[in-house]
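Q: I'd like to learn how to read a model like this one, feature by feature. Can you walk me through it?

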Amino acid sequence: MDRRKFLLSAASGVASVGLLNGSAIAADIDVAPNNAAPSTTSSRGLGGILRKFRLVAQQGEVEIGPDETFKTWLYNGQFPGPEIRVKEGDRLQITVKNELPEETTVHWHGVPVPNAMDGVPGLTQKPIAPGESFEYAFEATPAGSYLYHSHVGLQIDRGLIGALVIEEATPHVAYDRDYVLVLDDYLPGAPQPLGGSAGWGGMLRGDWWRGGGMMGMAGQMPPYKGLLVGGQLPDNPRVFDTKRGERVRLRFVNPSGASTIRVAIAGHRVTVSHCDGRPVEPVTVDSFVLGTAERYDVIVEANNPGVWPISVAAIEGDIPPGRAVLRYTDAAASALRDGMPEGFTSGRPLHYDDLQSLETLPTGRPDRVFDLLLRGGMMSSAWTINGQAYPEADPIAISAGERIRFRMRNHSMMLHPMHLHGHFFRVGNALKDTVLVAAHMGRAEFDFVADNPGRWFFHCHNIYHMEAGMAREVRYV
Ligand code: C2O
Ligand code: CU
């Protein structure tokens, strides 16, 4: 069957390429989703095209709803930050200029970059001081849906987040359109660290749309005001167009500060094709859950004309749900269906066990096993791994070439999306870089091969837990 994939002008980069006579330099200027992508230039060299981007971290203001202005910190004045979209094998050179009043860095979440490009302050680089710049350079490989975000303090909840897409040369699924949906929890004002038992409340109400499975009993959450899709509150939703008979690839990415989010689309099932950027055997479900930093690519078959909500709801806390809209442009004008999609209460939710990688997985007995106990919350303001709160915590020492297993147990009332930098790891039969450990005695384990030497961060991607100590250095010795 012929591939029907084509670039959708409204949602993808449109590049004009000019070759400068013999100097081996091509220039292209990208026009990004909202017309304000980072300016880029390219040159063709050995091993792929060089793509240059510029991100300026600065204070600014954006409209996120009919009457809601978000005064915050932004990349290039946009929220979410400009979508960076390149092809597998390209070389990326991204200059980050810091015009904020505080230090910052950028982390390329999920991409196994060389250690010095990983953007962790104090571990892989000196933070970028106000007024300074830093140049990140790495190869765009492997293909997948990734994130970029600040790795300093609670800056993720300022809005310093964006999507990084590395397109495959030969995708294993066919599609006609390709959209990125950036999910986020909206925190007006400056984020504050968790404050022990006097914290934020946010008792779970157990509303029907939260779905089952990973609900905790109580939690401390920041005073989020709503869930955003593509930087918009539900009253002014982003609209994703399709036509009957098309296949639409939706890349859901969750760079939110603390929210684990369930997704379902009214009137449609979804076929999961990628998890954390990695290709999996397509599996059709009615809903799926993304912890912070997780990504799922799904294919939607446009076979039910109308105007449908793509709904997102947090599993912890009492933050109101968000939505985007899937609109058939060739259908007779019809109204947006109201209410939450059926997939929130019935049908088949995705589980990690459903994910079957199309790539080679690490196998064999591990050379080293680490048992990691996750605790915190309630009466304590620290979130710990084996009783230690980073940075007062021992590094986890590994050696190049070893097979490593991490076994995590969760003795707290909240979910923990645990992320290891610099490596993909095996969970069940899938490759991932972030794994949810269910609340209240939940367990998870993963295996990886120590194949990328350096000093790597391992932490809960709930940034409030990370900042309160739920982190370790994984150090090659
Ligand atoms: Cu999304 Cu330490 O990273
Ligand atoms: Cu956590």
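A: Sure, and keep in mind that this is a predicted model. Let's begin with the metal site: along the sequence, the residues that donate to the copper ion (ligand 2) follow the spacing H-x43-C-x4-H. Two of them bring together distant parts of the chain: His-416 sits in strand 27 (residues 416-420) and Cys-460 in strand 32 (residues 455-460), 44 residues apart.

Q: Which protein atoms are the donors of the copper ion (ligand 2)?

A: A donor here is an N, O or S atom within 2.8 Å of the metal, and water is not among the atoms, so a site may look incomplete. In this case the protein donors are ND1 of His-416, SG of Cys-460 and ND1 of His-465, at 2.0 to 2.1 Å from the ion.

Q: Is Cys-460 buried or exposed?

A: For that you check relative accessible area, where under 20% counts as buried. Cys-460 comes out at 0%, so it is buried. His-416 is also buried, with a value of 0%.

Q: Let me zoom out. How many helices and strands does the chain have?

A: There is 1 helix, against 33 strands. Of the 477 residues in the chain, 58% are buried. As for the surface, the chain exposes about 18300 Å², and 51% of that comes from carbon and sulfur atoms.

Q: What share of the contacts joins residues 24 or more positions apart?

A: Take the contacts with a separation of 6 or more: 74% of them are between residues 24 or more positions apart.

Q: How do I read a sheet? Say, the one that contains strand 6.

A: Start with the strand order, then look for the edges. Here 4 strands make an open sheet, ordered 6-11-10-8, with mixed pairing. Strand 6 (84-87) and strand 8 (106-109) are at the edges; each has a single partner strand, so one side of each has no neighbour in the sheet. On average, neighbouring strands of this sheet are turned by 20° against each other, ignoring direction. Zooming in on one pair, strand 8 runs antiparallel to strand 10 (residues 144-150), and 4 bridges join them. In that register, Val-106 faces Ser-150 of strand 10.

Q: And what is the strand order in the open sheet of 5 strands?

A: That order is 14-22-21-16-19, again with mixed pairing. The edges are strand 14 (239-242) and strand 19 (288-290), each with a single partner strand, so each has one side without a neighbour in the sheet. From one strand to the next, the twist averages 25°. Inside this sheet, strand 16 (residues 261-265) and strand 21 (residues 307-314) run antiparallel and are joined by 5 bridges. Ile-265 has Ile-310 as its bridge partner in strand 21.

Q: Why is strand 20 described as largely enclosed?

A: You count its buried residues: 6 of the 7 in strand 20 (residues 295-301) are buried, so the rest of the structure largely encloses it. It pairs antiparallel with strand 15 (residues 247-253) over 7 bridges, and Leu-250 has Val-298 as its bridge partner there. Strand 20 also pairs antiparallel with strand 17, over 4 bridges, with His-274 opposite Asp-297.

Q: Which residues touch the most other members of the largest nonpolar core?

A: In that core of 90 residues, they are Leu-250, Phe-252, Phe-406, Met-408, Met-418, Phe-446 and Phe-458. The strand that gives the most to this core is strand 12 (residues 177-186), with 6 residues. Another core lies apart from it; this one has 29 residues, including Leu-92 and Val-106. Back to Leu-250: beyond its neighbours within four places in sequence, its contacts include Tyr-179, Leu-181, Ile-265 and Val-298.

Q: One last residue: where is Asp-433 found?

A: In the loop between strand 29 (430-432) and strand 30 (434-437). Asp-433 counts as buried, at 0% relative accessibility. Leaving out residues up to four places away in sequence, it touches, among others, His-109, Asp-276, Arg-295 and Met-418. One of those, Asp-276, takes a positive phi near 50° in the hairpin of strand 17 and strand 18, which has 2 residues between the strands.

Conventions
Residues are numbered from 1 along each chain as its sequence is written. Chains are lettered from A and ligands numbered from 1 in the order in which they are written. This is a predicted model: local features need pLDDT of at least 70, side-chain atom pairs count only at pLDDT 80 or more; totals for chains, interfaces and linings use all residues. Side-chain values use heavy atoms; hydrogens and water are left out. Donors are N, O and S atoms within 2.8 Å of the metal (3.2 Å for Na, K and Ca); water is not among the atoms, so sites may look incomplete. Buried means under 20% relative accessible area, exposed over 50%, partly exposed in between (1.4 Å probe, protein chains only). Two strands pair if DSSP finds at least two bridges between them. Axes are lines fitted to C-alpha atoms, for helices over the stretch in contact, and angles run from 0 to 180 degrees between N-to-C directions. A nonpolar core is a set of buried Ala, Val, Leu, Ile, Met, Phe, Trp, Tyr and Cys residues joined through side-chain atoms within 4.5 Å. Contact means heavy atoms within 4.5 Å. Accessible areas come from the Shrake-Rupley method with a 1.4 Å probe; for residues, only the protein chains shown count as cover.
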